[in-house]
Amino acid sequence: MVGFKQTLCALLLMAFAGVTVAQNNTNSPYTRYGYGDLVNQNFGNSKAMGGIAFGLRDGSQINPLNPASYTAIDSLTFLFEGGASLQNSNISDGSVKLNVKNSSFDYIAMQFRLHRRVAMSIGLLPFSNVGYNVSQSYSETSTSPAYTKQLLGDGGLHQLYAGLGVKVLNNLSIGANVSYFWGDITRSLTMLYPNTSSSYSFVRQNAVSVSDYKLDFGAQYTQDFGKKHSVTIGAVYSPKHNLNNDVTVTTQASTTVSNELDATLGLPNSFGVGVTYNYNRQLTVGVDYSLQKWADVNYKGDDVDNDMHETYTYCDRHKISMGAEYIPNLIGRSYLAHIKYRLGAYYTTPYYKVNGEKASREYGVTAGFGLPVPRSRSILSISGQFVRVKGLETNMVNENIFRVSIGLTFNE
């Protein structure tokens, strides 16, 4: 049974999450496109291991990216986990440089056994973040007065999931997450003519609201080789479907006019496969590959920077991750011997296009620790991530991001 202490802790952290979920967690100009920056929904251990998750099977930490992993928890364990991040970003387009700092809520979840072969997890995850403020001034010409053009955006999408994992055989588990998927994204264009009688000559705002469901399925198969060696193969799938949404465009000039638009937003078919090798419960090494078929999804909506009702195309998103975790001594008396040392790296391509072309590439390296909390089975996970977003054209934006993430897993 879940005790009073765990329930109270869950309620307090859920309240905290409700406040932080509305934060502006990014300042990237690339979030102007599509749903913004897609969040890597990894928990504390996975973040420091390059984001591997599909074949990761650890009964002491939660892994919602493959719901089949829930069955790794033992019958007497209740897990409660929450995490947050701080990041410093240096953004440059070759002529202008910008430094910004952000904080973000990463995740909050709990996991427990329902039956010796069935386990359940419930949690709250961000899906995407939008946050940018881009402006450019133009000098007076013979045909146009001086003006400033400003593009603003904020918001994001979130998911509240409930998932089950079932052990169908001793070495085979399957699972599924069902999520309530929602969020609001607001983008605006402001044209300011400072030398005219009106300070704000033109404002155009595009507000998107989403409320729907999301499904995720997973499987894991573990094969032991002797007493010390094992390999786990994991696979995940999320089906494509269109989202229930509302889009409102408000134009403010001499008068204010609001219109509801018929817009189509969707989620793609997503596939993932991962393999992890474990030696004597001390060393874990893994690699993941995922494919999101965004090229098959059209975003039909309104661009605040254009008077037209536009249809945008995406491109498929690929991601490769690799990582490792090492524990020096499972039964040693030294505290340092029980620390989990983690390392990883990943490479991913964007799902959005800029002016009809692929925009950037993203590279990341990660490292961190899993620190045992004294006199308990709880774990404090600390990780550092360095991310490089490289524009593919000379006039596109480059980003260098350093992110520190902290996650705490209560293990009762």
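Rings of Phe, Tyr and Trp, the last taken by its six-membered ring, form a pair if their centres lie within 6.5 Å, and a pair whose planes are under 30 degrees apart counts as stacked. The exercises below apply this and other criteria to a predicted model.

**Exercise 1. Ring pairs**

Determine how many aromatic pairs a search of the whole structure finds, and classify the pair formed by Phe78 and Phe112.

Solution. The search of the whole structure returns 14 aromatic pairs. For Phe78 and Phe112, the ring centres are 6.3 Å apart and the planes stand at 20°, so this pair is stacked. The next step is to place the two residues in the chain: Phe78 belongs to strand E2 (residues 78-92) and Phe112 to strand E3 (residues 97-115), and with 34 residues separating them the pair links distant parts of the chain. Phe78 and Phe112 are both buried.

The rings of Tyr180 and Trp182 can be treated in the same manner: their centres lie 5.3 Å apart and their planes make an angle of 10°, so this pair is stacked as well. As for accessibility, buried requires under 20% relative accessible area and exposed over 50%; Tyr180, at 41%, therefore counts as partly exposed, and Trp182, with 24%, is also partly exposed.

Finally, ring pairs join Tyr30, Tyr33, Tyr35, Trp294, Tyr314, Tyr351 and Tyr352 into a cluster. An interaction of another kind is found at Tyr346, where the charged end of Lys319 sits over the ring, 4.9 Å from its centre.

**Exercise 2. The surroundings of strand E2**

Work out which strands pair with E2 and in what sense, and how many of the residues of E2 are buried.

Solution. Begin with E3, which pairs with E2 in the antiparallel sense over 15 bridges; within this pairing, Ser85 has Ser104 of E3 as its bridge partner. The two strands form a hairpin with four residues between them, and Gly94 in the turn has a positive phi of about 100°. Turn next to strand E23 (residues 398-411), which is joined to E2 by 14 bridges and runs antiparallel to it, with Leu408 of E23 standing opposite Gly82. The last step is the burial count: 11 of the 15 residues of E2 are buried, so the strand is largely enclosed by the rest of the structure.

**Exercise 3. Two polar residues compared**

Establish where Ser46 and Asp74 are located, and whether each is buried or partly exposed.

Solution. Ser46 is part of helix H2 (residues 44-47), and its relative accessibility of 3% means that it counts as buried. Its side chain makes a polar contact of 3.0 Å with that of Asn42, and, once neighbours within four places in sequence are set aside, Ser46 is in contact with Gly51, Ile52, Ala53 and Leu56.

Asp74, by contrast, lies in the loop between H2 and E2, and at 34% relative accessibility it counts as partly exposed. The side chains of Asp74 and Thr77 are joined by a polar contact of 2.6 Å. With neighbours within four places again left aside, Asp74 is in contact with Arg113 and Arg377. Asp74 is also 8.4 Å from Phe112, C-alpha to C-alpha, although the two are 38 residues apart in sequence.

Conventions:
Residues are numbered from 1 along each chain as its sequence is written. This is a predicted model: local features need pLDDT of at least 70, side-chain atom pairs count only at pLDDT 80 or more; totals for chains, interfaces and linings use all residues. Side-chain values use heavy atoms; hydrogens and water are left out. Rings of Phe, Tyr and Trp (its six-membered ring) pair if their centres lie within 6.5 Å; planes under 30 degrees apart count as stacked, over 60 as edge-to-face and the rest as tilted. Buried means under 20% relative accessible area, exposed over 50%, partly exposed in between (1.4 Å probe, protein chains only). A charge sits over a ring if NZ of Lys or CZ of Arg is within 6 Å of the ring centre and within 35 degrees of the ring normal. A polar contact is a pair of N or O atoms within 3.5 Å; within protein, one must be able to donate a hydrogen and the other to accept it, and residues adjacent in sequence count only if both atoms are side-chain atoms. Contact means heavy atoms within 4.5 Å. Two strands pair if DSSP finds at least two bridges between them.
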